[in-house]
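Subject: Structure for you to look at

Hello,

Here is the structure I said I would pass on. Please open it and keep it beside this email while you read.

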Amino acid sequence: MTPSPDIQTPQPGMEAGPGRKLRIAAVGDLHVGETSHRLYRDLFDRVHEDADVLCLCGDLVNFGKTGEVDNLLEDLRACRIPMVGVLGNHEHECGQPDEVARLMSEAGVRMLTGESYEIGGVGFAGGKGFVGGFGRYMLSSFGEASIKQFVQEAVEDANLIENSIRTLRTERSVVLLHYAPVVDTVIGEPPEIHPFLGSSRLGEVVDRYENVKLVVHGHAHRGAPEGRTARGVPVYNVALPVLRTLGERPYRVFEV
């Protein structure tokens with residue numbers, strides 16, 4: 001899948017289906033705080049002009065506090081198209097990620113925590129993801145019990161994401177993550193922190209399913225905007241700081 005540079009507003013009543021492209025906008029890492037008010041109202045109010053679905057790739061708030069989520073949802077109410085989302089690591093900071101996910105769901109965001117959805121003939125699956133490193137440098141389950149426990153959590157997280165992908169029967173599917181599935185899109189960040197920005201386990205899961213046509217993620221604020229899995233599936237880093245280096249539009253739009 002390639003970014004769609006020239007997006008036209010669909011005709012009234014137009015619906016995606018077999019053979020028809022679905023326009024997908026994606027953004028992550030908004031980092032809404034308790035004192036953030038209406039920072040992204042314009043983003044959510046205009047995105048329907050460019051896309052049919054909005055993907056939210058985690059770290060939408062700073063610490064997972066209820067007040068932050070309330071500020072985010074105040075802006076989200078302006079969105080007029082279906083929304084699909086995943087949590088990021090920041091939503092976990094206060095120890096209530098389930099509550100954040102519940103509030104988001106009640107506001108109309110279809111949260112991916114092992115679930116999957118079909119919208120307009122395109123499947124959506126994924127989850128937060130986890131850390132661990134890439135390729136031959138990926139952390140393995142060897143040595144201390146604490147290391148093995150850490151790796152086991154990464155494996156279980158990848159399995160949860162795979163389960164959500166497996167349930168889809170659509171010919172075209174999009175995977176949402178927060179952490180990166182390939183090293184390509186973290187290039188630009190200090191090499192010392194690459195293992196904390198994602199894991200090849202996520203890319204391996206994606207590559208097991210031929211119906212996955214696109215992966216979007218956030219988290220790597222100084223990473224590269226594009227990459228590919230080993231099988232060649234396009235991967236896009238849609239963290240807002242990265243998008244700001246590409247132009248003025250606060251989301252990226254793709255056709256699937």
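Below are notes on the sheets, one buried residue and the salt bridges.

Please keep in mind that this is a predicted model.

The five-stranded sheet

One open sheet has five strands in the order 4-3-2-1-11, and its pairing is mixed. Its edges are strand 4 (109-111) and strand 11 (252-255); each has a single partner strand, so one side of each is left without a neighbour in the sheet. On average, neighbouring strands here are turned by 25° against each other, with direction ignored.

As background, strands of a sheet pair through backbone hydrogen bonds, and the pairing is either parallel or antiparallel. A parallel case here is strand 2 (residues 53-57) with strand 3 (residues 83-86), joined by four bridges. Within strand 3, Gly85 is the residue that stands opposite Leu56. Helix 3 (residues 97-106) packs on this sheet and touches strand 2 and strand 4. The direction of helix 3 makes about 140° with that of strand 4.

The six-stranded sheet

A further open sheet has six strands, ordered 5-6-7-8-10-9, again with mixed pairing. Strand 5 (117-119) and strand 9 (226-228) are its edge strands, and each pairs on one side only. Neighbouring strands in this sheet are turned by 25° against each other on average, ignoring direction.

Strand 7 (residues 172-176) and strand 8 (residues 212-217) run parallel and are joined by four bridges. Val174 has Leu214 in strand 8 as its bridge partner. Helix 4 (residues 145-166) lies across strand 6 (122-126), strand 7 and strand 8, and runs at about 165° to strand 6.

A buried asparagine

Strand 10 (residues 234-237) contains Asn237. Is Asn237 buried or exposed? Its relative accessibility is 0%, so Asn237 counts as buried. A polar atom of the Asn237 side chain lies 3.5 Å from the backbone oxygen of Ala224. Leaving out residues up to four places away in sequence, Asn237 touches several others, including Thr185, His217, Pro225 and Leu243.

Salt bridges

Side chains of opposite charge can pair when their charged atoms come close. How many salt bridges does the model have? The count comes to twelve.

One of them joins the side chains of Arg23 and Asp52, at 3.1 Å from N to O. Arg23 is in strand 1 (residues 23-27) and Asp52 is in the loop between helix 1 (41-46) and strand 2, so the pair ties together parts that are 29 residues apart in sequence. Arg23 counts as buried because its relative accessibility is 6%, and the cut-off for buried is under 20%.

Glu162 and Arg166 also meet through their side chains, at 3.7 Å from N to O. These two are four residues apart in helix 4, so about one helical turn separates them. Glu162 is buried, with a relative accessible area of 9%, whereas Arg166 counts as partly exposed at 41%.

The side chains of Arg231 and Asp207 form another salt bridge, at 3.7 Å from N to O. Arg231 sits in the loop between strand 9 and strand 10, and Asp207 in the loop between helix 5 (200-206) and strand 8, so the pair ties together parts that are 24 residues apart in sequence. Arg231 counts as partly exposed at 37% relative accessibility, while Asp207 counts as buried at 18%.

Finally, salt bridges link Glu99, Arg102 and Glu106 in a network.

Regards

Note on methods. Residues are numbered from 1 along each chain as its sequence is written. This is a predicted model: local features need pLDDT of at least 70, side-chain atom pairs count only at pLDDT 80 or more; totals for chains, interfaces and linings use all residues. Side-chain values use heavy atoms; hydrogens and water are left out. Two strands pair if DSSP finds at least two bridges between them. Axes are lines fitted to C-alpha atoms, for helices over the stretch in contact, and angles run from 0 to 180 degrees between N-to-C directions. Contact means heavy atoms within 4.5 Å. Buried means under 20% relative accessible area, exposed over 50%, partly exposed in between (1.4 Å probe, protein chains only). A polar contact is a pair of N or O atoms within 3.5 Å; within protein, one must be able to donate a hydrogen and the other to accept it, and residues adjacent in sequence count only if both atoms are side-chain atoms. A salt bridge is a side-chain nitrogen of Lys or Arg within 4 Å of a carboxyl oxygen of Asp or Glu.
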